[in-house]
Amino acid sequence: MTQPQDAASEARPAIRPEAEPGARSHVPVGPLPGPLVGVDWLAGRLGAPGLVVFDASVGAHRAASHRIPGARPFDLDGPLSDHTAPVPHTMPGAPEFTEAMRALGVEDSDTVVVYDGAGVYSSARAWWMLRAMGFDRAAVLDGGLPAWTAAGLPTSATGPAGVAGGQGPRGSFTARPRAGLLVDGATVVRALADPAAAVLDARTRERFAGTAPEPRPGLRGGHMPGAVNLPFTELQDPTGRMRPVGELRAVFRALTGDRDRLYFSCGSGVTACVLALGADLAGYEEIAVYDGSWSEWGMPGTPGAASEFPVTTGP
């Protein structure tokens, strides 16, 4: 896998603060350097034909007063989750995902860069969803909006941009789902019993151990028996950027040994995708995200009956 381009290796071209989809870069998009791009890579191509920038922020970060110019909303709390499912952030079906991407003006031939307001948090979920739907020309912006603003790059006021919010022409995007990238609880049960597989949990150590309450009411505390804890923040440096590839490989090897089939879980399938991004950068090829994650696994059983999924506590 290719590391994001080092900021020192490419002079930062000037871009107009008012740049919106109608203000085009003179630099062609070209191929992505990998699943992660730096702010310099994006700044040099912002506004180029065929480049779509998504803001996949969730929670309080959705209310930020500024965004990268021209960014469109990848709303994980809205149409880009299946609200008929019993747990949050469930992947929508292929027809619904196709419709959401077309409504946002995405073409099958486009290149997509996703960021979020926290750094690398919910953007990884959007990247993994696109990959699960057969779209590979997508990358995460390393460090997200904080890295963009720290670099002194321009922002614009929040609000619909271009086709965001239903404005502008529809795209031609067509979902082509790939099996095995998003998995269910039964698959995770089998993975926990597979000596060639490892299940990694991206939640905090306290939630993993069951010593801190779950943020979603009604869920049991603890973790899957046999799972390994890897808080997603441990794959990032203090600035919120992903750690170098060599360090990522060392982290995964220390926890999984020679197991090369990795499954990732978290609270609701969002930060598990940060682990998937780290594993992809580290060179793992057999990786999957548990879509229901702890929101499903941690549900209590029916009264008087054992829960469907086992839970243990402690480190």
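This is a conversation between a student and a tutor about reading a predicted model.

Student: Let's begin with the whole chain. How many helices and strands does the chain have?

Tutor: Welcome! Keep in mind that the model is predicted. The chain has 9 helices and 12 strands. Of its 315 residues, 53% are buried. The chain exposes about 13100 Å², and carbon and sulfur atoms supply 55% of that area.

Student: What share of the contacts between residues at least 6 apart in sequence joins residues at least 24 apart?

Tutor: That share is 75%.

Student: Now the sheets. In what order do the strands of the sheet with E1 and E4 stand?

Tutor: To read a sheet, follow it from strand to strand. Here 5 strands form an open sheet in the order E1-E6-E5-E2-E4, with parallel pairing. Strand E1 (36–37) and strand E4 (72–73) are at the edges; each has a single partner strand, so one side of each lacks a neighbour in the sheet.

Student: How many bridges join E2 and E4?

Tutor: Strand E2 (residues 51–55) and E4 pair in the parallel sense over 2 bridges. Look for Phe54, whose bridge partner in E4 is Arg72. Helix H3 (residues 123–132) packs on this sheet, touching strand E5 (111–115) and strand E6 (138–141), and its direction makes about 175° with that of E6.

Student: Which order does the sheet with E8 and E10 follow?

Tutor: This open sheet of 5 strands has the order E8-E12-E11-E9-E10, and its pairing is parallel. Strand E8 (182–183) and E10 stand at its edges with a single partner strand each, so one side of each is left without a neighbour in the sheet. E8 pairs with strand E12 (residues 286–290) in the parallel sense over 2 bridges, and Val183 has Tyr290 as its bridge partner in E12.

Student: Which helices lie across strands of this sheet?

Tutor: H3 comes back here: it lies across E8 and E12, running at about 115° to E12. Helix H7 (residues 245–256) lies across E9, E10 and E11, at about 115° to E9.

Student: Could we look into E9? How many residues of strand E9 are buried?

Tutor: For a strand, check burial and then which way each residue points. In strand E9 (residues 197–201), 5 of the 5 residues are buried, so the strand is largely enclosed by the rest of the structure. Ala197, Val199 and Asp201 point one way, Ala198 and Leu200 point the other way, and all are buried.

Student: What stands opposite Asp201 in E11, and what is the bridge partner of Asp201 in E10?

Tutor: Asp201 is opposite Ser265 in E11, while its bridge partner in E10 is Asn229. E9 pairs with strand E11 (residues 261–265) in the parallel sense over 5 bridges, and 2 bridges join E9 to strand E10 (residues 228–229), also running parallel.

Student: Next, helix H8. How many of its residues are buried?

Tutor: In helix H8 (residues 272–281), 10 of the 10 residues are buried, so the helix is largely enclosed by the rest of the structure. Ala279 is found in this helix and has a relative accessible area of 0%. Leaving aside its neighbours within four places in sequence, Ala279 is in contact with Phe252, Leu262, Phe264, Tyr284 and Ile287. Just after H8, Gly283 takes a positive phi of about 100°.

Student: How many disulfides are there, and why is Cys266 not bonded to Cys273?

Tutor: For a disulfide, compare the sulfur distance with the cut-off of 2.5 Å. The count here is 0 disulfides. The sulfur of Cys266 is 6.8 Å from the closest cysteine sulfur, in Cys273, which is too far for a bond. Both cysteines are buried, with a relative accessible area of 1% for Cys266 and 0% for Cys273.

Student: One last residue, Ser81. Is Ser81 buried or exposed?

Tutor: Ser81 is buried, with a relative accessible area of 7%. You will find Ser81 in the loop between E4 and helix H2 (94–103). Its side chain reaches the backbone oxygen of Leu76 at 2.5 Å. Not counting residues up to four places away in sequence, Ser81 touches Leu76, His89, Thr90 and Pro92.

Key: Residues numbered from 1 in each chain as written. Predicted model: local features only at pLDDT ≥ 70, side-chain atom pairs only at ≥ 80, totals over all residues. Heavy atoms only, no water. Pairing = 2+ DSSP bridges. Helix = DSSP H or I, 4+ residues; strand = E, 2+ residues; numbered from the N terminus. Contact = heavy atoms within 4.5 Å. Axes fitted to C-alpha atoms, helices over the stretch in contact; angles between N-to-C directions. Buried < 20%, exposed > 50% of the residue type's maximum accessible area, 1.4 Å probe, protein only. Polar contact = N/O pair within 3.5 Å; in protein donor to acceptor, adjacent residues only side chain to side chain. Areas by Shrake-Rupley, 256 points an atom, 1.4 Å probe, with all protein chains shown as cover.
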